[in-house]
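Hi everyone, thanks for coming. I'll put the structure up on the screen first, and then we can walk through a few spots together.

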Amino acid sequence: MSQDEHPGLTREQLDPFAGKSCGPSRQSRDPIAPSDIRSWIDAIGDTNPIYVDDDASMATGRSSVIAPPAMLQVWSMAGLGGTSKSTTQDPRKELFALLDDAGFTSVVATNCEQEYLGDAVPGDWITTSEVIESVSDVKDTGLGRGHFITTVMSFTASPDPLGDGELIGRQRWRLFRFAPKNRGSGGQAGGDSDRPPRPRPAINRDNAFFFEGTLAGELRIQKCDSCGTLRHPPSPACGACQSFDWSTVAMSGRGTIHSFVVNHHPQVPAFDYPLVVALVDLEEGVRFVAEMPDTDREDVAIGLPVEVRYRKQEDDLVMPHFVLAEGSSQ
Amino acid sequence: MSMLSGKTAIAGIGATEFSKDSGRSELQLAAESVLAALNDAGLTPADVDGLVTYTMEKNPETEVARALGMGNITYFGRVNFGGGAPGAVVLQAAMAVATGVADVVVCYRAFNERSGRRFGAGVQDRGTEPSAENAGYAWYTPHGIVTPAQWAAMTARRYMHDSGATTEALGAVAVAARRHAATNPKAWFYERPITLADHAESRWIAEPLRLLDCCQESDGGQALVIVSAERARDLPQKPAIIKAAAQGIAAPTAMMTAYYGDDIGHLEEMTLVADQLWADAQLSPADIPTAIIYDHFTPYVLMQLESFGFCGRGEAKDFVRDGNVELGGRLPINTHGGQLGEAYIHGMNGVAEGVRQIRGTAVNQVANVENTVVTGGAGVPTSGLILGADG
């Protein structure tokens with residue numbers, strides 16, 4: 001859909017922006033102060049002594065403490081409630097308007113690289129200037145179709161607020177301006193950045209094994225070491241024999257639908273509706289609930305065979321779901 | 001048989017109006033309903049020495065006592081598991097009174113459950129504090145079943161599959177509730193009856209549940225005053241004697257998600273409650289001319305009729321036909337309109353209706369009510385009561 005709707009901007013439209021300055025350079029409001037450094041390293045938890053201890057810093061060949069390099073961008077920020085003067089002269093304004101008109105109305109920051117070329121020390125004034133480095137051709141991504149915009153900020157340091165500074169670092173900053181993919185098609189995998197996350201399972205000592213199992217592509221169910229009874233949901237002890245000793249076994253992932261619901265309302269933004277959720281009799285003899293997000297509600301019935309599938313929901317979380325088994329009726 | 005039967009009585013009932021937007025604090029609703037119940041009982045806040053409510057109640061006993069100027073409180077306790085508690089709070093109060101721990105115990109429940117936090121919205125957050133309670137949700141909410149209706153629908157589907165109950169049977173329950181609400185001026189759905197066709201055409205909430213299978217979300221408060229039967233006889237209202245009060249958790253019981261037993265459409269915890277009630281009151285279904293059956297979702301009314309033996313297993317779909325659970329039928333249920341028609345006050349308004357039927361003061365009064373059954377929430381750890389006339 002988006003290829004027809006959003007053909008993207010041409011090189012003729014984009015090339016004039018490359019190399020343009022994003023407005024006048026901006027100077028830090030104050031010279032670097034040791035108290036600012038200490039506040040920052042306390043908040044970040046950086047314990048490197050060269051930011052607070054002259055002797056430690058001199059042991060590295062420097063002449064005094066230095067500002068943490070990662071504070072590069074901090075010094076010349078406008079501050080809370082501050083406004084950037086650059087808006088009036090910033091060519092990005094014109095570029096973003098072009099992109100908006102072309103349908104690329106959403107924005108996500110994709111990456112930020114910093115390069116450290118020299119030290120800043122207490123007393124230095126920091127001056128920042130920014131240039132548009134490049135605007136990419138139109139690209140299709142998991143988020144949707146759009147253009148990447150890369151800018152480069154340069155930072156100089158000088159003890160004299162009016163003096164020419166020494167280049168101490170650069171920051172390359174990349175944005176993606178895009179037209180979001182339609183919801184409802186394949187949105188379950190959590191690829192939509194503007195979709196709120198799903199309810200996350202509370203993982204504790206009694207159930208962590210299950211979610212370790214799904215990460216390994218297994219549906220693990222607890223089994224009592226003493227009497228062999230399978231149990232789900234998990235429990236620290238066996239209700240059949242009171243043993244606290246247990247291990248886990250991987251289920252085949254095959255079963256039949258014992259019951260199911262089709263959710264219509266209320267609609268939680270994290271899910272697509274109507275949503276089929278099934279209670280499944282696993283063939284090993286325990287029952288398990290999981291959604292059937294790819295299954296049409298007209299195709300579901302009690303007694304139908306299903307198979308488990310897995311989907312990565314978050315970086316550290318894989319969740320199971322069911323699909324109708326091959327060759328099942330209806 | 002417990003030692004409790006006949007020792008205590010409900011001597012006062014009081015409620016706020018039932019609405020969708022009370023316009024005042026939950027604490028005010030609690031204080032108003034408690035004061036109304038005390039007035040009804042001919043007692044004052046200074047007489048109260050016990051308070052019992054739900055663990056889900058957000059109005060602390062201290063604040064209710066302070067608002068109304070109560071004196072020393074010697075007994076206070078709470079009951080877990082939401083709508084399963086209405087019979088259980090009465091049981092706790094009755095035990096406190098019967099043992100002499102307290103003399104006048106007030107049970108209360110008050111909330112802005114429609115204009116404030118709506119229970120129907122379910123558990124949508126990502127509460128990941130690793131408690132056993134939160135971990136229990138791990139098997140449901142990440143899969144998108146997050147609301148009470150969705151949890152209930154899973155059980156309802158299987159019950160309907162096993163019993164052959166159709167949407168018409170669910171509709172009969174909804175039609176009865178709305179018929180009774182239509183003649184109850186306190187009911188939200190006063191003068192708004194529905195037909196079976198209205199029910200069948202209402203939109204899906206969570207299949208197999210439609211909108212008109214689901215109880216309301218309501219703002220309001222309801223309170224009850226429990227004293228000894230002996231003291232109740234000296235108070236202005238005709239006592240509703242607590243002939244039996246019981247709780248139940250059975251082996252497969254869970255909080256809305258009892259999906260793992262052999263027969264998930266059979267409410268074992270409600271059967272456990274029913275068996276205790278019949279034994280303690282020495283009564284049987286034939287002695288009950290009207291009952292309050294907890295109606296959060298219509299299929300659970302069918303299941304409970306079976307749990308109590310008002311009909312056989314799997315036969316509720318036939319029992320509710322032809323107006324049999326409406327006024328004039330064999331067993332009119334939820335004569336106040338129930339939680340489908342009057343208001344959802346976590347079952348406490350149902351206890352009050354049971355008291356009115358015993359007193360003979362219900363707007364939809366059934367003739368010669370010597371005994372009535374009141375049930376708590378079904379599909380959760382639950383409770384129930386048999387209330388009866390004195391003597």
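I'll go through a helix in chain A, then the aromatic contacts, then the cavities. Keep in mind that this is a predicted model.

Okay, let's begin with helix α6 of chain A, residues 208–215. How many of its 8 residues are buried? The count is 6, so I'd call α6(A) mostly covered. The buried ones are A208(A), F209(A), F210(A), F211(A), G213(A) and T214(A). And what do they pack against? Strands of chain A: β7 (220–224), β9 (246–250), β12 (287–291), β13 (305–314) and β14 (317–324). If you follow the chain just past the helix, you hit G217(A), which has a positive phi of about 75°.

Two of those helix residues come back when we look at rings. F210(A) and F211(A) belong to an aromatic cluster with F288(A), F322(A) and W139(B). So if you're rotating the model, look at chain A and chain B together here.

Staying with aromatics: counting over all chains, there are 18 aromatic pairs. One of them is F119(B) with Y344(B), an edge-to-face pair with 6.2 Å from centre to centre and 90° between the planes. Where do these two sit in the chain? F119(B) is in the loop between β4 (105–112) and α4 (132–137) of chain B, while Y344(B) is in the loop between α12 (338–341) and α13 (348–359) of that chain. That's 225 residues apart, so the pair links distant parts of the chain. Both residues are buried, too.

Now set that beside Y259(B) and Y260(B). Their ring centres are 6.2 Å apart, but the planes meet at 55°, so this pair is tilted; edge-to-face would need over 60. Buried or exposed, then, for Y259(B)? It's buried, because its relative accessible area is 0%. Y260(B) comes out at 25%, so it counts as partly exposed.

A couple of charges over rings in chain B as well. The charged end of R109(B) sits over the ring of Y54(B), 5.1 Å from the ring centre. K186(B) is over the face of F18(B), with 4.6 Å to the centre of that ring.

Last stop, the cavities. Searching the whole structure turns up 3 of 30 Å³ or more. The largest holds about 120 Å³ of space. Which of its 14 lining residues lie nearest the centre? Those are A258(B), I264(B), H266(B), L267(B) and E269(B). By class, the lining splits into 6 nonpolar, 5 polar and 3 charged residues.

That's my tour, thanks.

Technical notes. Residues numbered from 1 in each chain as written. Chains lettered and ligands numbered in written order. Predicted model: local features only at pLDDT ≥ 70, side-chain atom pairs only at ≥ 80, totals over all residues. Heavy atoms only, no water. Buried < 20%, exposed > 50% of the residue type's maximum accessible area, 1.4 Å probe, protein only. Helix = DSSP H or I, 4+ residues; strand = E, 2+ residues; numbered from the N terminus. Contact = heavy atoms within 4.5 Å. 1 Å grid on protein atoms, 1.4 Å probe; cavity = no way out; pocket = protein on both sides within 12 Å on 5 of 7 lines; lining within 4 Å. Points joined across faces, edges and corners; volume = space filled by probe spheres on them. Nonpolar A, V, L, I, M, F, W, Y, C, P; charged D, E, K, R; others polar. Phe/Tyr/Trp six-rings, centres within 6.5 Å; stacked < 30°, edge-to-face > 60°. Lys NZ or Arg CZ within 6 Å of the ring centre and 35° of its normal.
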